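Hi,

Here's the structure I promised to pass on. Have a look at it first, and then read my notes below.

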Amino acid sequence: MEDNELRELTLQALKEAVGEVDEKTLELKFKQEFKDRVNVYGKFENSKGYYEFALTFDGKGKVKRSHVNLIMPKDIKEEIERKTRVEG
């Protein structure tokens, strides 16, 4: 499966699972191809937070496995950065 096709299938699957996906933050970290399927792992952001995912597509591009996890809400990250900011 070509990288562009895999990226488009991944975006489509993530949008179905989560709704909103910031496409420019989508990062495919690892791809594993077998004769009848492709596994892809990565991360992305949206207005709610930071996510990691694992998807499996069959040879026709149909999602066979989908795991999407919110790693950290954006407001938590902003609060941590604000509290740990060193004042000069």
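Let me start at one turn and work across the sheet from there. A hairpin of 3 residues takes the chain from β1 into β2. The two strands are antiparallel, with 6 bridges joining them. One pair you can find by eye is Glu-33 and its bridge partner in β2, Val-38. Before you read too much into any of this, bear in mind that the model is predicted.

Next along, β2 and β3 make another hairpin, again with 3 residues between the strands. Here 9 bridges hold the antiparallel pair together. Val-40 sits opposite Leu-55 of β3 in this stretch.

Then comes the hairpin of β3 and β4, with 4 residues between the strands, where Gly-61 has a positive phi near 90°. β3 and β4 are also antiparallel, over 9 bridges. Two pairs to look for are Gly-49 with Pro-73 in β4, and Phe-53 opposite Val-68 in β4.

Put together, that gives an open antiparallel sheet of 4 strands, ordered β1-β2-β3-β4. β1 (27-33) and β4 (63-73) are the edge strands, each pairing on one side only. From one strand to the next, the twist averages 10°.

Now the helices. α1 lies across β1, β2, β3 and β4, and runs at about 120° to β3. Helix α2 (residues 74-84) lies across β2, β3 and β4, at about 30° to β4.

So what sits in the core? The largest nonpolar core has 14 residues, and the ones touching the most other members are Leu-14, Leu-26, Val-40, Phe-44, Phe-53, Leu-55 and Phe-57. At least two residues of this core come from each of α1 (3-18), β2 (37-45) and β3. α1 gives the largest share, 5 residues. As background, nonpolar side chains tend to be buried together in soluble globular proteins.

β3 deserves a closer look. This strand is mostly covered, with 8 of its 10 residues buried. Two of its phenylalanines are worth clicking on:

- Phe-57 lies in β3 (residues 49-58). Phe-57 counts as buried because its relative accessibility is 0%. Leaving out residues up to four places away in sequence, Phe-57 touches a long list, including Leu-6, Leu-9, Thr-10 and Ala-13, then Val-38 and Val-40, and also Lys-62, Val-63 and Lys-64. Another residue on that list is Arg-37; the C-alpha atoms of Phe-57 and Arg-37 are 5.5 Å apart, although 20 residues separate them along the chain.
- Phe-53, with neighbours within four places in sequence set aside, is in contact with residues including Thr-10, Leu-14, Leu-26, Val-40, Phe-44, His-67 and Val-68.

Which residues does Phe-53 touch that Phe-57 touches as well? Thr-10 and Val-40 are among them.

One polar residue caught my eye too. Asn-39 is in strand β2. Is this residue buried or exposed? Asn-39 is buried, because its relative accessible area is 7% and the cut-off for buried is under 20%. Its side chain makes a polar contact of 2.6 Å with the side chain of Thr-56. Apart from residues up to four places away in sequence, Asn-39 touches Phe-30, Lys-31, Gln-32, Phe-34, Leu-55, Thr-56 and Arg-65.

If you want a quick tour in the viewer, I'd go in this order:

1. The sheet, β1-β2-β3-β4.
2. α1, lying across the four strands β1, β2, β3 and β4.
3. Phe-57, buried at 0% relative accessibility.
4. Asn-39 and its side-chain contact with Thr-56.

Cheers

Key: Residues are numbered from 1 along each chain as its sequence is written. This is a predicted model: local features need pLDDT of at least 70, side-chain atom pairs count only at pLDDT 80 or more; totals for chains, interfaces and linings use all residues. Side-chain values use heavy atoms; hydrogens and water are left out. Buried means under 20% relative accessible area, exposed over 50%, partly exposed in between (1.4 Å probe, protein chains only). Contact means heavy atoms within 4.5 Å. A nonpolar core is a set of buried Ala, Val, Leu, Ile, Met, Phe, Trp, Tyr and Cys residues joined through side-chain atoms within 4.5 Å. Two strands pair if DSSP finds at least two bridges between them. Axes are lines fitted to C-alpha atoms, for helices over the stretch in contact, and angles run from 0 to 180 degrees between N-to-C directions. A polar contact is a pair of N or O atoms within 3.5 Å; within protein, one must be able to donate a hydrogen and the other to accept it, and residues adjacent in sequence count only if both atoms are side-chain atoms.
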